[in-house]
Amino acid sequence: MPSFAVTTAARSYQAVVERGALHRLHEFIPPRTGKLFVVTTDDVWRHHGGALEAGLAGRSFHRIVFPGGEEKKRISQVEAMADEMLANGGDRSSLVIAFGGGIVTDLGGFLAAVFMRGIPVIQIPTTLLAQVDAGVGGKTGANLQGGKNLIGAFHQPLAAIADPNVLASLPEREYLAGLAEVIKSGLIRSEELYKAFQRKDDLYARNAALLDFCIAESVRIKCEVVSEDEKESDLRRILNFGHTVAHAIEAETNYSRFLHGEAVWIGMRVVTDLSRRLAYLPSSEAAHILDTLQTWSGGLRANDLDPDRLIAHMSKDKKTIQGRVNFVLLAGIGDVKIVSGVPAGTVRESLIAEL
Ligand SMILES: NC(=O)c1ccc[n+]([C@@H]2O[C@H](COP(=O)([O-])OP(=O)(O)OC[C@H]3O[C@@H](n4cnc5c(N)ncnc54)[C@H](O)[C@@H]3O)[C@@H](O)[C@H]2O)c1
Ligand SMILES: [Zn+2]
């Protein structure tokens with residue numbers, strides 16, 4: 001199974017996509033590492049704690065249970081976890097293993113970034129979304145009262161290990177939401193990945209070979225983009241395809257109605273339509289892509305939301321620089337353009353058409 005290198009100024013590391021990789025976790029722990037702290041949630045531990053423990057091959061560790069939930073992704077939890085580490089022998093030689101969905105990989109990574117000014121972390125993402133996105137790339141963080149992910153640090157892991165076996169227990173809603181980030185990677189960089197979405201029955205049924213390909217290809221793309229641009233100056237922004245709109249939908253619905261990936265599905269429909277209206281994307285290609293997006297996300301509707309309120313959110317997005325809303329638009333499958341200063345009237349038309 002594939003393994004991809006991420007090379008940044010801070011560190012080079014492997015992102016591994018491999019069925020059963022959890023069982024060889026011990027191979028990724030450097031010699032002379034001190035105490036191990038596994039940050040996880042109860043549900044993940046119940047399903048997969050045994051496999052992780054087997055992978056540590058008898059090494060002792062302290063388990064820190066995070067209660068889960070976006071409302072708990074707060075710096076107060078990081079402080080509580082750091083106190084728990086200290087009380088249990090944590091020091092500069094310690095290692096954090098973040099074992100869970102994106103909330104755990106973000107918060108566990110942040111804990112490692114700040115504990116004693118920074119100790120290593122191994123990321124073991126267990127949702128599809130986290131395997132293809134949150135678990136690789138080194139972005140860590142927590143939410144503020146005023147918004148999501150507004151506090152954090154770039155902290156690249158020692159390794160990112162995606163074991164697709166753990167996805168067997170993932171609830172369907174989470175799985176389908178995670179697929180949004182997979183098709184996003186296809187649309188921005190890989191026609192082959194986009195084509196996987198034409199095999200609806202197999203992908204829906206989590207066919208092992210197809211799913212492994214989808215994860216590996218998404219991770220490859222993320223690693224490539226992150227290696228070229230760690231801190232989001234330009235290229236990394238293509239990973240935000242559909243996200244300007246998605247973030248507005250999430251904010252407008254108080255992060256409670258849609259999962260992140262669900263908002264991304266809707267956001268990609270809107271931005272594909274926008275790409276067509278602004279003549280970046282030929283109509284026939286837009287129709288094919290919109291049809292595919294509809295097939296997978298047609299049940300997700302947000303047409304009760306006020307387009308003008310969404311546009312107002314977009315101009316407050318943290319990725320908006322100097323008031324200009326940037327859109328990642330499609331010029332074709334695997335071909336994106338970052339465009340700023342898109343007329344609000346056209347954005348409004350696309351919102352009305354595709355929400
Ligand atoms: N750092 C980044 O680059 C980045 C990128 C994308 C998203 N994120 C962050 O990721 C978070 C969302 O992550 P998420 O979608 O993984 O949600 P999540 O972490 O809340 O996980 C979803 C639910 O699934 C459970 N779960 C996890 N793995 C499971 C498994 N294998 N079997 C059964 N249940 C399982 C979790 O306990 C949780 O209840 C957001 O906070 C977002 O900001 C970060
Ligand atoms: Zn996303």
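User: What relative accessible area does glutamate 181 have, and is glutamate 181 buried or exposed?

Analyst: Happy to start there: this is a predicted model, in which local features need pLDDT of at least 70 and side-chain atom pairs count only at pLDDT 80 or more, while totals for chains, interfaces and linings use all residues. Residues are numbered from 1 along each chain as its sequence is written, chains are lettered from A and ligands numbered from 1 in the order written, and side-chain values use heavy atoms, without hydrogens or water. Buried stands for under 20% relative accessible area, exposed for over 50%, and partly exposed for what lies in between (1.4 Å probe, protein chains only). Glutamate 181 therefore counts as buried, with a relative accessible area of 1%.

User: Which residues coordinate the zinc ion (ligand 2)?

Analyst: Donors here are N, O and S atoms within 2.8 Å of the metal (3.2 Å for Na, K and Ca), and sites may look incomplete since water is not among the atoms. The zinc ion (ligand 2) has its donors at 1.9 to 2.1 Å. One is an OE atom and the other two are NE2 atoms, and they come from Glu181, His243 and His260.

User: What spacing do the donors of the zinc ion (ligand 2) follow along the chain, and how many residues apart are glutamate 181 and histidine 260?

Analyst: The spacing of the zinc donors is E-x61-H-x16-H. Glutamate 181 sits in helix α5 (residues 172-189) and histidine 260 in helix α10 (residues 260-277), so this pair ties together parts of the chain whose separation in sequence is 79 residues.

User: Where is histidine 243, and which side chain does it make a polar contact with?

Analyst: Helices (H or I, at least four residues) and strands (E, at least two) are DSSP runs, numbered from the N terminus. Histidine 243 belongs to helix α9 (residues 243-252) and is buried, at 4% relative accessibility. A polar contact is a pair of N or O atoms within 3.5 Å; within protein, one must be able to donate a hydrogen and the other to accept it, and sequence neighbours count only if both atoms are side-chain atoms. At 3.3 Å, the partner of the histidine 243 side chain is that of histidine 260.

User: Which of the 24 residues around ligand 1 come nearest?

Analyst: A residue joins the set if one of its heavy atoms lies within 4 Å of the molecule. From the 24 residues around ligand 1, those that come nearest are Asp43, Gly102, Thr126, Thr127 and Ser169.

User: How many Å separate a polar side-chain atom of threonine 127 from an oxygen atom of ligand 1?

Analyst: Glycine 102 makes a useful companion here, since one of its backbone N or O atoms is 2.7 Å from an oxygen atom of ligand 1. Threonine 127 uses a polar side-chain atom instead, and its distance to a ligand oxygen is 2.6 Å.

User: What is the phi of asparagine 149?

Analyst: Asparagine 149 is part of strand β8 and is partly exposed, with a relative accessible area of 29%. A polar atom of its side chain lies 3.0 Å from an oxygen atom of ligand 1. Its phi is positive, in a residue other than glycine, and is near 55°.

User: Which other residue has a positive phi although it is not a glycine, with a value of about 65°?

Analyst: Look in the loop between α10 and α11 (283-297). The residue there is exposed, with a relative accessible area of 67%. With its positive phi of about 65°, the residue is alanine 279.

User: Which residue's backbone oxygen lies 2.9 Å from a polar atom of the side chain of arginine 269?

Analyst: Arginine 269 is placed in helix α10. It counts as buried, at 0% relative accessibility. A polar atom of its side chain is 2.9 Å from the backbone oxygen of leucine 300.

User: What distance separates the C-alpha atoms of valine 78 and alanine 142?

Analyst: Valine 78 is in helix α2 (residues 75-87) and is buried at 4% relative accessibility. Alanine 142 is 64 residues away along the chain, and the two C-alpha atoms are separated by 8.6 Å.

User: What distance separates the C-alpha atoms of threonine 33 and proline 120?

Analyst: Threonine 33 occupies the loop between β2 (12-17) and β3 (36-40), and with a relative accessible area of 17% it is buried. Along the chain, threonine 33 and proline 120 are 87 residues apart, and their C-alpha separation is 9.5 Å.
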